[in-house]
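Reader: I would like a close look at one part of this protein. Please take the salt bridges and the helices that carry them.

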Amino acid sequence: MTLELSDPSVLEPGPSHSKPGAMTSDPAFKSEFLRLMQTRGYIHQITHPAELDSASMAGPIVAYIGFDATAPSLHVGHLFSIMTLRRLQQSGHKPIVLMGGGTTKVGDPTDKDQQRPLLTDAQIQGNIDSIKTVFQRFLTFGDGPTDAVMVNNAEWLESFGYLQFLRDYGVHFTINRMLSFDSVKTRLDREQPMTFLEFNYMLMQSVDFLELERRYGCVLQMGGSDQWGNIVNGVELIRRVDQKPAFGLTTPLLSTASGQKMGKTVGGAVWLNADMRSPYDYWQFWRNTEDADVGRFMRLFTDLPLDEIVRLESLEGAQINEAKKVLANAATTLLHGEEAAKAAEAAAVAAFEQGQVSGDLPTFEIPKADLEAGVVLAALAADAGLAASRGEARRLAQGGGLRVNDQAETDANRTLNASDLVDGVVKLAAGKKKIVLVRPV
């Protein structure tokens, strides 16, 4: 009894999925959940769409998404999944946030060319403790029928003996089929080694779904489209082993209109925890959204009404910048609260439109002795995250895009020292959208 996708009723991605709200080739969903997901642009593929639609209308369903604890914070790339759980709860259903205390010890090989560094138990638990606070901003947790719960898959994965795991679950998977999945195939095609440890990840993810079905009545697993194979495995495992309904839903993989991976910036990942990325920097990330992405990101990452989004995304010229501020305020309010969003906007207006220095601007600390000795501007701009490298900082300066204390500086090799301090800081800016205060400590 091995796993194959036995039910041909699968909603495959089509042309209509590239534009949120289009329904030309998709089923006419009746449930509030799937209609909301479709009009906001969250759906890429669904197994058994008609069945899931009916189940969503019959009463609250339970669904989950898994998050491995590889860092102390999730980043904007994870926000798509967090908002998916939020939409689920807004539609009257119950979300499960599955923390990968067990699977983090293995590492998901999906879209990876090499094995992830292995973390200790203490590191994993520390990451989980740091990550979980973010979910409280987006979901309502509690004991009610639609309240979210957070679960750690270490609860069951660590209790399995090796032989028990193989006998109970290994018999349901064929090596032939596992080798056909993109997460494995791509890695092997690139001639990048995959350890047996990583090869087991898809089995563990399938068992997660089965355990959540048995413990919580979970019927739906959601995730990015790169997780399709892993999700289908879990769906089929439940349907074959427990003979119960189970469903999978994937969301599109996000990139910007220019083709860049969502959430990547010169300064690195756009972290969700405030201690790893300030509310101002988070606000500025959304303010810098490309014009063509404004409406799409409003649908996905805010609760703004659809008719208001249609109005805002139709703005042209300089007016689209006002729409970007609305996006930045709405997204920042969801994560950090309304007060932080207002402070971030005020700091941006003061810095960019009035040339003032605000305490809410991001800061970069350097040793006082280093500044007194002198620091090359190109090096400082790169270290502070205003440029990806010293070479890029030099190109910025040559093009008039690098400023020191609101004055354009074309010589990126000039030395900054204590004489450049104004009110105890040096204000550096790259272009019109990035500012950092250099503060000696």
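Author: What follows starts with the whole chain and then turns to the salt bridges.

This is a predicted model, in which local features need pLDDT of at least 70, side-chain atom pairs count only at pLDDT 80 or more, and totals for chains, interfaces and linings use all residues. Residues are numbered from 1 along each chain as its sequence is written, and side-chain values use heavy atoms, with hydrogens and water left out.

The protein has 19 helices and 16 strands. These are DSSP runs numbered from the N terminus: helices are H or I with at least four residues, strands are E with at least two. Of the 441 residues, 52% are buried. Buried means under 20% relative accessible area, exposed means over 50%, and partly exposed lies in between (1.4 Å probe, protein chains only). Take the contacts between residues at least 6 apart in sequence: 73% of them join residues at least 24 apart. A contact here means heavy atoms within 4.5 Å.

Now the salt bridges. The structure holds 16 of them. Each is a side-chain nitrogen of Lys or Arg within 4 Å of a carboxyl oxygen of Asp or Glu.

Start with arginine 86 and aspartate 303. Their closest N and O atoms are 2.5 Å apart. Arginine 86 sits in helix α3 (residues 76-90), while aspartate 303 sits in the loop between α13 (294-301) and α14 (306-313), so the bridge ties together parts 217 residues apart in sequence. Arginine 86 is buried at 14% relative accessible area. Aspartate 303 is partly exposed at 33%.

Arginine 86 also has a part in helix packing. Helix α3 packs against helix α4 (residues 121-138) at about 45°, with the axes 10 Å apart. Axes are lines fitted to C-alpha atoms, for helices over the stretch in contact, and angles run from 0 to 180 degrees between N-to-C directions. That makes α3 oblique to α4. Angles under 35 degrees count as roughly parallel, over 145 as roughly antiparallel, 65 to 115 as roughly perpendicular, and the rest as oblique. On the α3 side, Leu79, Ile82, Met83 and Arg86 make the contact. On the α4 side, Val134, Phe135, Arg137 and Phe138 do.

Next comes glutamate 213 with lysine 244. The closest N and O atoms are 3.3 Å apart. Glutamate 213 belongs to helix α10 (residues 201-216) and lysine 244 to the loop between α11 (228-241) and β7 (247-251), so this pair ties together parts 31 residues apart in sequence. Glutamate 213 is buried at 6% relative accessibility. Lysine 244 is partly exposed at 43%.

The bridge between lysine 325 and glutamate 322 lies within one helix. Its N to O distance is 3.7 Å. Both residues are in α15 (residues 320-336), 3 residues apart, about one helical turn. An α-helix has 3.6 residues a turn, so residues three or four places apart point the same way. Lysine 325 is buried at 12% relative accessibility. Glutamate 322 is partly exposed at 46%. As for shared partners, salt bridges join Arg86, Arg87 and Asp303 into one network.

Lysine 325 has a further link. Leaving aside neighbours within four places in sequence, arginine 287 is in contact with Asn321, Lys324, Lys325 and Ala328. Arginine 287 lies in helix α12 (residues 279-287). Arginine 287 is buried, with a relative accessible area of 15%.
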